[in-house]
Amino acid sequence: MKEDIYGLTFLVADLVMIVCGFWAGWRFIRQYRNYLLGIEWLIVATSGVNFLIWSLRFADDPAGSEASGQYAFAFFLDAFSRSIGITLLLVVGMMAVTHRYKASLAVEIGVFALAIGFGLYFAQPKYRAHVDANGEFLLHPGPATFYLVVNLLTLAFLVYVVKRLWGIGATRVAVATLAVSLAATAVALTYDFFPMPDTVDPIETRPLFYTFALTVWGLQMLTYLYAYRALHDHNVATGVEKAQKNSKAATA
């Protein structure tokens with residue numbers, strides 16, 4: 001019974017992340033023409049869909065999940081976002097409202113190409129195993145350290161965003177942004193540096209951790225949209241930035 005409840009919470013959390021990702025991603029594209037953030041949010045939501053289907057397909061066959069194409073695809077999408085997507089790409093995308101920096105098409109393509117490269121590298125078979133032949137926790141120090149360092153660097157930028165939000169009076173959004181950013185760092189630290197169980201099936205083994213992680217990632221995408229909106233609206237109100245012609249229609 002307890003396992004069923006834990007499994008249900010995991011599924012609900014994944015659905016929450018999927019909805020947040022697709023909705024916020026579409027808003028970034030439709031309302032602000034920010035394709036860096038919009039596409040990345042859609043990628044994270046797609047990762048959630050893949051993760052959900054994969055988990056349900058192989059809930060009773062962890063060994064089969066390791067050999068599936070979905071397993072490899074899940075690792076790629078995860079590595080894509082954790083290395084560059086919700087780090088460098090997030091920073092460059094948010095700079096549109098923090099520094100009025102509009103990335104050129106070449107920069108946007110370059111960032112996504114970099115993310116694909118890191119995703120492919122960190123999704124290699126040698127980095128997918130979490131346990132060794134004896135069933136002991138297996139740490140991959142290179143990828144784990146890289147993920148943590150880029151997460152901390154991104155957190156430093158997000159603290160700056162929080163300061164900007166607080167300065168314009170968007171205190172609730174500022175507090176929410178700080179809270180989800182710190183929670184995401186806690187997830188990153190736990191994900192790589194704490195022992196994982198001897199199976200890859202999240203429904204059987206780490207449902208509570210994945211429930212927390214997926215919920216945090218979903219709230220991240222939603223909160224960063226509102227943070228972006230608050231800074232954008234402030235820039236428009238102070239004459240720093242022109243209002244989007246379609247903003248009224250997009251928010252309707």
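How many aromatic pairs does the count come to in this structure? Before I answer, please keep in mind that what we are looking at is a predicted model. The count comes to 22 aromatic pairs, and I would like to start with one of them and then move outward to the helices.

The pair I have picked is formed by Phe118 and Phe146, whose ring centres lie 5.0 Å apart and whose planes meet at 15 degrees, so the pair is stacked, given that planes under 30 degrees apart count as stacked. In sequence the two partners are distant, since Phe118 belongs to helix α5, residues 105-122, while Phe146 belongs to helix α6, residues 141-167, and 28 residues separate them. As for accessibility, Phe118 is partly exposed with a relative accessible area of 24%, and for Phe146 the value is also 24%, which again counts as partly exposed.

Other rings form a cluster: ring pairs link Phe10, Phe51, Trp54, Tyr71, Phe75, Tyr191, Phe209 and Tyr210. One member of that cluster, Tyr191, brings us to a charged residue, because Arg82 lies over the face of Tyr191 at 4.4 Å from the ring centre, where the limit for such an arrangement is 6 Å. The charged end of Arg82 also sits over the ring of Tyr147, at 4.2 Å from the centre of that ring.

Let me step back to the chain as a whole. The protein chain has nine helices and zero strands, and along the sequence the pattern therefore reads α-α-α-α-α-α-α-α-α, with helices and strands numbered from the N terminus. Of its 252 residues, 50% count as buried. If we take the contacts in the chain with a separation of 6 or more, residues 24 or more positions apart account for 76% of them.

Now to the packing of helices, where two packed helices are described by the angle between their axes and the distance between the axes. How do α4 and α6 pack, in terms of angle and distance? Helix α4, residues 69-98, packs against α6 at an angle of about 20 degrees, with the axes 10 Å apart. That angle makes α4 roughly parallel to α6, and α4 passes α6 in a left-handed crossing. On the α4 side the residues that meet α6 include Ala79, Arg82, Ser83, Ile86 and Leu90, and on the α6 side they include Phe146, Tyr147, Val150, Asn151 and Thr154. You will recognise some of these names from earlier, for Arg82 and Tyr147 were the charge and the ring, and Phe146 was one ring of the stacked pair.

Helix α6 has another partner in α8, residues 207-237, and here the packing angle is about 50 degrees, with the axes 10 Å apart. The helices α6 and α8 are therefore oblique to each other, and their crossing is left-handed. In this contact Leu158, Val161, Arg164 and Leu165 of α6 meet Tyr224, Ala227, Ala230, Leu231 and Asn235 of α8.

Ala227 also figures in a distance that I would like to mention, because its C-alpha atom is 9.7 Å from that of Arg172, although the two residues are 55 apart along the chain. Arg172 lies in helix α7, residues 171-193, and is exposed, with a relative accessible area of 75%.

I will finish with the loops. Which residue lies in the loop between α1 and α2? Arg33 lies there, between α1, which covers 2-32, and α2, which covers 35-57. Phi of Arg33 is near 55 degrees, a positive value in a residue other than glycine, and Arg33 is partly exposed, with a relative accessible area of 36%. Arg100, in the loop between α4 and α5, likewise has a positive phi of about 55 degrees although it is not a glycine, and at 57% relative accessibility Arg100 counts as exposed.

Is His140, in the loop between α5 and α6, buried or exposed? At 16% relative accessibility, His140 counts as buried, the cut-off for buried being under 20%. Leaving aside residues up to four places away in sequence, His140 touches Lys126, Tyr127, Arg128 and Ala129.

Terms used:
Residues are numbered from 1 along each chain as its sequence is written. This is a predicted model: local features need pLDDT of at least 70, side-chain atom pairs count only at pLDDT 80 or more; totals for chains, interfaces and linings use all residues. Side-chain values use heavy atoms; hydrogens and water are left out. Rings of Phe, Tyr and Trp (its six-membered ring) pair if their centres lie within 6.5 Å; planes under 30 degrees apart count as stacked, over 60 as edge-to-face and the rest as tilted. Helices (H or I, at least four residues) and strands (E, at least two) are DSSP runs, numbered from the N terminus. Buried means under 20% relative accessible area, exposed over 50%, partly exposed in between (1.4 Å probe, protein chains only). A charge sits over a ring if NZ of Lys or CZ of Arg is within 6 Å of the ring centre and within 35 degrees of the ring normal. Axes are lines fitted to C-alpha atoms, for helices over the stretch in contact, and angles run from 0 to 180 degrees between N-to-C directions. Angles under 35 degrees count as roughly parallel, over 145 as roughly antiparallel, 65 to 115 as roughly perpendicular and the rest as oblique. A crossing is left-handed if the near helix is turned anticlockwise from the far one by less than a right angle, and right-handed if clockwise. Contact means heavy atoms within 4.5 Å.
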